[in-house]
Amino acid sequence: MSRVSIKGQESSVTVGKIVCIGRNFAEHARELGNAVPDSPILFMKPASCIVPDGGTVVIPDYTNECHHEVELAVLIGTRGAKIPAEQALEHVAGYAVAIDLTLRDVQNTLKEKGHPWEMAKAFATSCPLSDFVAAEAVPDLGNLSLKLAVNGELRQNGTSADMMRSVAEVIAVMSDYFPLEAGDILLTGTPAGVGRLASGDQ
Ligand code: ZN
């Protein structure tokens with residue numbers, strides 16, 4: 001069972017589901033040749049795919065293209081369904097950085113066939129996750145930098161200012177479809193610069 005805690009707080013919480021939104025940054029949609037969607041693209045990862053800070057990812061043997069997607073992660077603190085955007089941030093306990101690891105070749109094949117994405121998105125170790133910081137400690141959600149470096153080389157360098165749906169809007173739209181509960185984690189989309197990881201990369 002995966003548990004997460006917030007820095008400086010004694011208690012920890014069991015992770016429920018991880019709900020993710022696709023193509024929330026226009027530049028990223030374009031780099032993969034995808035349309036910028038009008039309706040949300042939502043999918044989930046199971047809690048079992050979390051790798052804590054400093055852990056090791058195991059790239060499955062059925063892929064040749066494991067991509068990194070750095071994302072702002074939101075920890076839900078209180079339950080809600082059909083949450084209005086104006087009240088959405090009241091449901092947040094904390095924020096972290098996650099990597100939505102994606103087997104791009106597998107995903108493309110699944111997309112072509114019209115099949116679900118779990119085999120590309122929900123494999124073991126597919127969600128490296130930092131420690132959370134308390135929501136109160138993050139004053140400006142609209143201006144957070146999202147960076148990912150591979151072996152010291154900067155690959156992704158985005159900002160939450162470029163999210164098409166803000167954090168509050170992401171919570172609202174996800175909770176329209178899925179009731180959110182304490183311990184659920186939301187991944188809010190990746191900026192441009194996604195790319196392939198090789199075995200041994202840091
Ligand atoms: Zn993603």
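**Entry 1: strands β3 and β4**

I take a strand to be a DSSP run of E with at least two residues, numbered from the N terminus. The model I am reading is a predicted one. I looked up strand β4, residues 41-46, and noted a covered face made of Ile41, Phe43 and Lys45. The uncovered face of β4 consists of Leu42, Met44 and Pro46. I set beside this the general rule that side chains in a regular strand alternate between the two faces of the sheet.

I then looked up the pairing of β4 with β3, which is antiparallel and runs over six bridges. Within it, I find Val19 opposite Met44 of β4; Met44 belongs to the uncovered face.

**Entry 2: the zinc ion**

Which protein residues are the donors of the zinc ion? I recorded Glu69 and Glu71, each through OE, and Asp100 through OD. These donors lie 1.9 to 2.1 Å from the ion. Along the chain their spacing reads E-x1-E-x28-D.

I next checked the accessibility of the two glutamates. Glu69 has a relative accessible area of 4% and is therefore buried, the cut-off being under 20%. Glu71 has a relative accessibility of 1%, so Glu71 is buried as well.

**Entry 3: Glu69 and its salt bridges**

Glu69 appears again in my list of charged pairs. As a general point, side chains of opposite charge can pair when their charged atoms come close. The side chain of Glu69 forms a salt bridge with that of Arg104, with 2.7 Å from N to O. I placed Glu69 in the loop between β6 (66-68) and β7 (70-76), and Arg104 in helix α3 (residues 104-113). The pair thus links distant parts of the chain, 35 residues apart. Both partners are buried.

I followed the connections further and found a network of salt bridges that links Lys45, Glu69, Asp100, Arg104 and Lys121. Two of its members, Glu69 and Asp100, I had already entered as zinc donors, and Lys45 as part of the covered face of β4.

**Entry 4: two further salt bridges**

How many salt bridges does the structure hold? I noted seven. One of them joins Lys17 to Asp184, whose closest N and O atoms are 2.5 Å apart. Lys17 lies in strand β3 (residues 17-22) and Asp184 in the loop between α5 (167-177) and β14 (185-187), so this pair ties together parts that are 167 residues apart in sequence. Lys17 is buried at a relative accessible area of 19%, a value I read against the limit of under 20%. Asp184, at 2% relative accessibility, is buried too.

Another bridge joins Arg30 to Glu27, with 3.5 Å between the closest N and O atoms. Both residues lie in helix α1 (residues 26-31), three residues apart, or about one turn of the helix. Are Arg30 and Glu27 buried or exposed? I entered both as exposed.

**Entry 5: the largest pocket**

I closed with the largest pocket, which holds about 770 Å³ of space. Its lining comprises 28 residues, and those closest to the centre are Gly55, Val57, Ile99, Pro128 and Gln202. The elements that contribute two or more residues to this lining are β5 (50-52), β8 (92-99), β10 (127-129) and β12 (145-150). Which element gives the most to the lining? I find that β12 does, with four residues. By residue class, I recorded 17 nonpolar, eight polar and three charged residues in the lining.

Notes
Residues are numbered from 1 along each chain as its sequence is written. This is a predicted model: local features need pLDDT of at least 70, side-chain atom pairs count only at pLDDT 80 or more; totals for chains, interfaces and linings use all residues. Side-chain values use heavy atoms; hydrogens and water are left out. Donors are N, O and S atoms within 2.8 Å of the metal (3.2 Å for Na, K and Ca); water is not among the atoms, so sites may look incomplete. Buried means under 20% relative accessible area, exposed over 50%, partly exposed in between (1.4 Å probe, protein chains only). A salt bridge is a side-chain nitrogen of Lys or Arg within 4 Å of a carboxyl oxygen of Asp or Glu. On a 1 Å grid over the protein atoms alone, a cavity is a set of points where a 1.4 Å probe fits but cannot get out, and a pocket is an open set with protein on both sides within 12 Å along at least five of seven lines; lining residues have an atom within 4 Å of a point. Grid points are joined across faces, edges and corners, and a volume is the space filled by probe spheres set on the points. Ala, Val, Leu, Ile, Met, Phe, Trp, Tyr, Cys and Pro count as nonpolar, Asp, Glu, Lys and Arg as charged, and the others, Gly among them, as polar. Two strands pair if DSSP finds at least two bridges between them.
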